[in-house]
Amino acid sequence: MSAHEVDLNPTICRRLLITYLIERLSRPNNPALEEATGWPRRTIQDVIAKGLPGHGTRVEFVQQGVRNNDGYYALKDWGSIDRNWVCAHLADIVRVLDVAPEQIPAPE
């Protein structure tokens with residue numbers, strides 16, 4: 001690890017990255033989140049259902065279509081997660097999680 005990199009916990013990084021992706025992807029549904037991260041569906045669902053609420057982060061599923069899985073996630077509140085910090089440290093988060101950086105949209 002170089003002097004400018006931050007030592008981060010992978011469990012927390014998963015929560016930070018999923019929150020960031022839900023905000024930044026145009027249609028953040030399970031297939032889009034799986035493609036961006038390379039993680040299995042269950043991991044993503046667990047982060048959203050169990051990991052994020054503990055930070056006060058609010059994510060809602062916006063239903064579109066007739067099937068239960070037709071729709072996408074919408075970020076309603078970052079909770080205790082600091083959006084600016086996540087954007088500033090996105091490269092470190094992606095590195096810790098060994099996610100392909102080209103799959104992650106750049107911060108605005």
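A residue is called exposed here when its relative accessible area is over 50%, and buried when that area is under 20%. These two cut-offs are needed throughout the account that follows, which concerns a predicted model.

The chain is built from five helices and two strands, and, read from the N terminus, its elements follow the order α-α-α-β-β-α-α. The radius of gyration is 14 Å, close to the 13 Å that the globule rule gives for 108 residues, and the chain is therefore as compact as a globular protein of that length. Taken along the principal axes, the box filled by the C-alpha atoms is roughly 50 × 25 × 25 Å. Of the 108 residues, 38% count as buried, and the accessible surface of the chain comes to about 6200 Å², with 48% of that area belonging to carbon and sulfur atoms. When contacts between residues at least 6 apart in sequence are considered, 56% of them join residues at least 24 apart. As for charge, the chain carries 12 positive and 14 negative side chains, and the centres of these two sets lie 7 Å apart.

With this overall picture in place, the loop between α1 and α2 is a convenient place to begin, for Pro28 is found there. Pro28 has a relative accessibility of 3% and therefore counts as buried. Leaving out residues up to four places away in sequence, Pro28 touches Leu21, Ile22, Leu33, Tyr72 and Tyr73. A further distance relates Pro28 to Phe61, for these two residues are 33 residues apart along the chain, while their C-alpha atoms are separated by 9.7 Å.

Helix α2 spans residues 30–37 and includes Asn30. Is this polar residue buried or exposed? Asn30 counts as buried, because its relative accessibility is 8%, which falls under the 20% cut-off. Apart from residues up to four places away in sequence, Asn30 touches Arg41, Ile44, Gln45 and Tyr73. With Tyr73 there is also a polar contact, in which the side chains of Asn30 and Tyr73 are joined at 3.3 Å. Tyr73 thus appears among the contacts of Asn30 and also among those of Pro28. Between Asn30 and Gly71, which are 41 residues apart in sequence, the C-alpha to C-alpha distance is 9.3 Å.

The account now turns to helix α5, which covers residues 90–97 and holds Leu90. The buried residues of this helix are Leu90, Asp92, Ile93, Val94 and Leu97, and what covers them includes α1 (10–24) and α4 (83–88). In general, an α-helix has 3.6 residues a turn, so residues three or four places apart point the same way.

Two of the buried residues of α5 can be followed individually. Leu90 has a relative accessible area of 8% and is therefore buried, and, once its neighbours within four places in sequence are set aside, Leu90 is in contact with Leu17, Tyr20, Ile104, Pro105 and Pro107. Of these partners, Ile104 is 14 residues from Leu90 in sequence, and the two C-alpha atoms are 9.1 Å apart in space. Ile93, also in helix α5, counts as buried because its relative accessibility is 0%. Ile93 touches Leu8, Cys13, Leu16, Leu17, Trp85 and Val86, again not counting residues up to four places away. Leu17 therefore figures in the contacts of Leu90 as well as in those of Ile93, where a contact means heavy atoms within 4.5 Å. By way of another distance, Ile93 and Val59 are 34 residues apart in sequence and 20 Å apart in space, C-alpha to C-alpha.

What follows α5, and what is its phi? Helix α5 is followed by Asp98, whose phi is positive and near 55 degrees. Most residues other than glycine have a negative phi, whereas Asp98 is a residue other than glycine with a positive value. Asp98 lies in the segment after α5, and its relative accessibility is 70%, so that Asp98 counts as exposed, this value being over the 50% cut-off.

Methods. Residues are numbered from 1 along each chain as its sequence is written. This is a predicted model: local features need pLDDT of at least 70, side-chain atom pairs count only at pLDDT 80 or more; totals for chains, interfaces and linings use all residues. Side-chain values use heavy atoms; hydrogens and water are left out. Helices (H or I, at least four residues) and strands (E, at least two) are DSSP runs, numbered from the N terminus. The radius of gyration is taken over C-alpha atoms; the globule rule is 2.2 Å times the number of residues to the power 0.38. Buried means under 20% relative accessible area, exposed over 50%, partly exposed in between (1.4 Å probe, protein chains only). Accessible areas come from the Shrake-Rupley method with a 1.4 Å probe; for residues, only the protein chains shown count as cover. Lys and Arg count as positive and Asp and Glu as negative; His and the chain ends are not counted. The place of a charge is taken as NZ of Lys, CZ of Arg, CG of Asp or CD of Glu. A polar contact is a pair of N or O atoms within 3.5 Å; within protein, one must be able to donate a hydrogen and the other to accept it, and residues adjacent in sequence count only if both atoms are side-chain atoms.
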